[in-house]
Amino acid sequence: MIFQHGSTPESIQMAYSLATIGSAMNPNDTSLKWLSAAAWDRYLMQRGKPQWYGTQYSLNQSTKRFELYQVDQGAVTDEERAAHNVPSLAEAKSREAEFNR
């Protein structure tokens with residue numbers, strides 16, 4: 001989790017690698033599946049690309065509200081999100097309100 005919140009693409013890549021390996025070694029650990037998806041999304045976000053799973057939110061400087069960071073809606077399906085213990089895109093979008101209370 002610490003690497004996933006790192007400030008460099010390399011640290012986020014390390015988080016993704018460790019979570020992916022851990023998930024393969026412990027297939028019933030849904031937290032590792034989620035962490036793998038979140039690290040991948042954060043890596044893409046760090047590089048200015050749309051995320052795949054919809055785990056990352058960013059602060060809109062104009063509105064001062066958190067919004068779901070841009071998602072490549074064709075990258076993965078909601079079924080693949082569910083396999084990674086990630087909510088559907090509709091659910092992720094609806095969670096914006098939770099971040100802005």
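This passage describes the strands, salt bridges, contacts and surface patch of one protein structure. The model is predicted.

Two strands make up a hairpin. Strand β1 covers residues 57–60, and strand β2 covers residues 65–68. The two strands run antiparallel and pair over four bridges. One of these pairings places tyrosine 57 opposite leucine 68, its bridge partner in β2. Four residues lie between the strands of the hairpin. In this turn, lysine 64 has a positive phi of about 60 degrees.

Serine 58 belongs to strand β1. Its relative accessibility is 24%, so serine 58 counts as partly exposed. Beyond residues up to four places away in sequence, serine 58 touches Met45, Arg65, Phe66, Glu67 and Tyr69. Arg65, Phe66 and Glu67 are among these contacts, and strand β2 spans residues 65–68. Serine 58 can also be placed relative to glutamate 96. The two residues are 38 residues apart in sequence. In space, their C-alpha atoms are 9.9 Å apart.

Threonine 55 sits ahead of this hairpin, in the loop between α2 (30–46) and β1. Threonine 55 has a relative accessibility of 14% and therefore counts as buried. Its side chain makes a polar contact of 2.9 Å with the side chain of aspartate 41. Aspartate 41 also appears among the residues that threonine 55 touches, together with Trp34, Ala37, Ala38 and Val86; residues up to four places away in sequence are not counted here. Trp34, Ala37, Ala38 and Asp41 are in that contact list, and helix α2 spans 30–46. Leucine 18 gives another point of reference. Threonine 55 and leucine 18 are 37 residues apart in sequence, and their C-alpha atoms are 18 Å apart in space.

Charged side chains were examined next. Side chains of opposite charge can pair when their charged atoms come close. A search of the whole structure finds two salt bridges.

One salt bridge joins arginine 81 to aspartate 78, with the closest N and O atoms 3.0 Å apart. The side chains of these two residues are also joined by a polar contact of 3.0 Å. Arginine 81 lies in helix α3, which covers residues 78–83. Arginine 81 and aspartate 78 are three residues apart in this helix, so about one helical turn separates them. Their exposure was computed for each residue. Arginine 81 has a relative accessible area of 2% and is therefore buried. Aspartate 78, at 35%, is partly exposed. Arginine 81 also has contacts outside its neighbours within four places in sequence. These are Trp52, Tyr53, Val71, Asp72, Val76, Val86, Pro87, Ser88 and Leu89. Val86 is also in contact with threonine 55.

Another salt bridge links the side chains of glutamate 96 and lysine 93, at 3.2 Å from N to O. Glutamate 96 is buried, with a relative accessible area of 14%. Lysine 93 counts as partly exposed because its relative accessibility is 47%.

The surface also carries a nonpolar patch. Leu59, Phe66 and Phe99 make this patch, which has an area of about 260 Å². Leu59 falls within the range of strand β1, residues 57–60. Phe66 falls within the range of strand β2, residues 65–68. Phenylalanine 99 lies in helix α5, residues 96–99. At 44% relative accessibility, phenylalanine 99 counts as partly exposed. Phe66 is also one of the residues that serine 58 touches.

Key:
Residues numbered from 1 in each chain as written. Predicted model: local features only at pLDDT ≥ 70, side-chain atom pairs only at ≥ 80, totals over all residues. Heavy atoms only, no water. Patch = residues over 30% accessible without salt bridge, like charges linked within 9 Å, V, L, I, M, F, W, Y side chains within 5 Å. Areas by Shrake-Rupley, 256 points an atom, 1.4 Å probe, with all protein chains shown as cover. Salt bridge = Lys/Arg side-chain N within 4 Å of Asp/Glu carboxyl O. Buried < 20%, exposed > 50% of the residue type's maximum accessible area, 1.4 Å probe, protein only. Contact = heavy atoms within 4.5 Å. Polar contact = N/O pair within 3.5 Å; in protein donor to acceptor, adjacent residues only side chain to side chain. Pairing = 2+ DSSP bridges.
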